[in-house]
Amino acid sequence: NEFFRLGGRELIKVDVRVVAATNKDVQTMLATGLFREDLYHRLNVINVRIPPLRKRKEEILSLVEFFYDTFAHQFNRQPAPLSRATLDLLVAYSWPGNVRELENLIKRYVVLEDEGMLREEIELRLRLEQPQAIVATIASEAVDGAAGLREIGRKAAQEAERAAIKEILDRVHWNRAEAARQLRISYKALLYKIREMNLGGKAP
């Protein structure tokens, strides 16, 4: 609780608490020389690990309610509560930006009062992250020794194709003729793909 300034001769007493946070793997950084070991041992007194929001999804709805109430009071606005369908989308999303990303999204909703825009935004984020989830799942099979490189490539291609077909079908409200046109395949080939990939959907 005391120190000298660099080059100083006067001993300075302090009463402070230092809280340091990082989203990096400090142990790996120590091993590779990217983080000073002496600084690490000065900071590492009480270590608190907080999992990313995607690993504690049970907290998402409580956080949504908290941020909604906070910003409704701050901006003196009272938009309609979010629908169950929108809340389900929020829970399904992986939140790479963690709590800050969720906070900003709810703030934007309270200010603009446009649930449709919020839903479009979160649906877009879910579509963008889908290929990453596919790759991560298939790659985990390789780590477990369940698949070789050729098998990984085949599965990734199949899953990407399935996701693309499902996206187009949903976009055109399962109009198979229009979906086949947009996918540039024959109507018969599309029907075969739907059955092969067990996409389901409405009856033809």
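This report describes the fold, the pocket, the cavity and the salt bridges of a predicted model.

## Overall architecture

The protein contains 9 helices and 2 strands. Along the sequence, these elements follow the pattern β-β-α-α-α-α-α-α-α-α-α. Of the 204 residues in the protein, 24% are buried.

Contacts between residues at least 6 apart in sequence were also examined by their separation: 55% of them join residues at least 24 apart.

## The largest pocket

The largest pocket holds about 1500 Å³ of space. Its lining comprises 33 residues, and those closest to the pocket centre are Ala-20, Ala-21, Thr-22, Asn-47 and Val-48.

Several elements contribute to this lining. At least two residues each come from strand E1 (2-4), helix H1 (26-31), helix H2 (37-43) and helix H5 (98-112). In terms of residue class, the lining of the largest pocket consists of 19 nonpolar, 7 polar and 7 charged residues.

## The cavity between chain segments of H5 and H6

The whole structure has 1 cavity of 30 Å³ or more. The volume of the largest cavity is about 40 Å³. Its lining is formed by Leu-105, Arg-108, Tyr-109, Asp-114, Met-117, Leu-118 and Glu-121. Helices H5 and H6 each provide at least two residues of that lining.

By class, the lining of the largest cavity has 4 nonpolar and 3 charged residues, with no polar ones.

## Salt bridges across the structure

A search of the whole structure yields 13 salt bridges. One of them joins Arg-56 to Glu-59, with the closest N and O atoms 2.8 Å apart. The two partners differ in accessibility class: Arg-56 is buried, at a relative accessible area of 14%, whereas Glu-59 is partly exposed, at 31%.

Another salt bridge pairs Glu-103 with Arg-100, where the closest N and O atoms are 3.8 Å apart. Both residues belong to helix H5 and are 3 residues apart, about one turn of the helix. Glu-103 has a relative accessibility of 23% and therefore counts as partly exposed. Arg-100 has a relative accessible area of 58%; because exposed means over 50%, Arg-100 falls in that class.

## Arg-125 and the link between H5 and H6

Arg-125 and Glu-101 form a salt bridge through their side chains, at 2.7 Å from N to O. Arg-125 lies in helix H6 (residues 115-143) and Glu-101 in helix H5, so this pair ties together parts that are 24 residues apart in sequence. Both Arg-125 and Glu-101 are buried. For Arg-125, the relative accessible area is 18%; since buried means under 20%, Arg-125 meets that cut-off.

The salt bridge with Glu-101 is part of a wider arrangement, as Glu-101, Arg-108, Glu-121 and Arg-125 are linked in a network of salt bridges. The side chain of Arg-125 makes polar contacts with the side chain of Glu-101 at 2.7 Å and with the side chain of Glu-121 at 2.3 Å. Two members of the network, Arg-108 and Glu-121, also appear in the lining of the largest cavity.

Apart from neighbours within four places in sequence, Arg-125 is in contact with Tyr-93, Trp-95, Glu-101, Leu-105 and Arg-108.

## Leu-105 in its surroundings

Leu-105 belongs to helix H5 and is buried, with a relative accessible area of 1%. This residue is also one of those lining the largest cavity.

When neighbours within four places in sequence are set aside, the contacts of Leu-105 are Leu-90, Trp-95, Leu-118, Glu-121, Ile-122 and Arg-125. Among these, Leu-118 and Glu-121 also line the largest cavity, and Glu-121 and Arg-125 also belong to the salt-bridge network. Trp-95 is a contact of Leu-105 and likewise of Arg-125. Leu-105 is 41 residues from Val-64 in sequence, and their C-alpha atoms are 9.4 Å apart in space.

How values were computed
Residues numbered from 1 in each chain as written. Predicted model: local features only at pLDDT ≥ 70, side-chain atom pairs only at ≥ 80, totals over all residues. Heavy atoms only, no water. 1 Å grid on protein atoms, 1.4 Å probe; cavity = no way out; pocket = protein on both sides within 12 Å on 5 of 7 lines; lining within 4 Å. Points joined across faces, edges and corners; volume = space filled by probe spheres on them. Helix = DSSP H or I, 4+ residues; strand = E, 2+ residues; numbered from the N terminus. Nonpolar A, V, L, I, M, F, W, Y, C, P; charged D, E, K, R; others polar. Salt bridge = Lys/Arg side-chain N within 4 Å of Asp/Glu carboxyl O. Buried < 20%, exposed > 50% of the residue type's maximum accessible area, 1.4 Å probe, protein only. Polar contact = N/O pair within 3.5 Å; in protein donor to acceptor, adjacent residues only side chain to side chain. Contact = heavy atoms within 4.5 Å.
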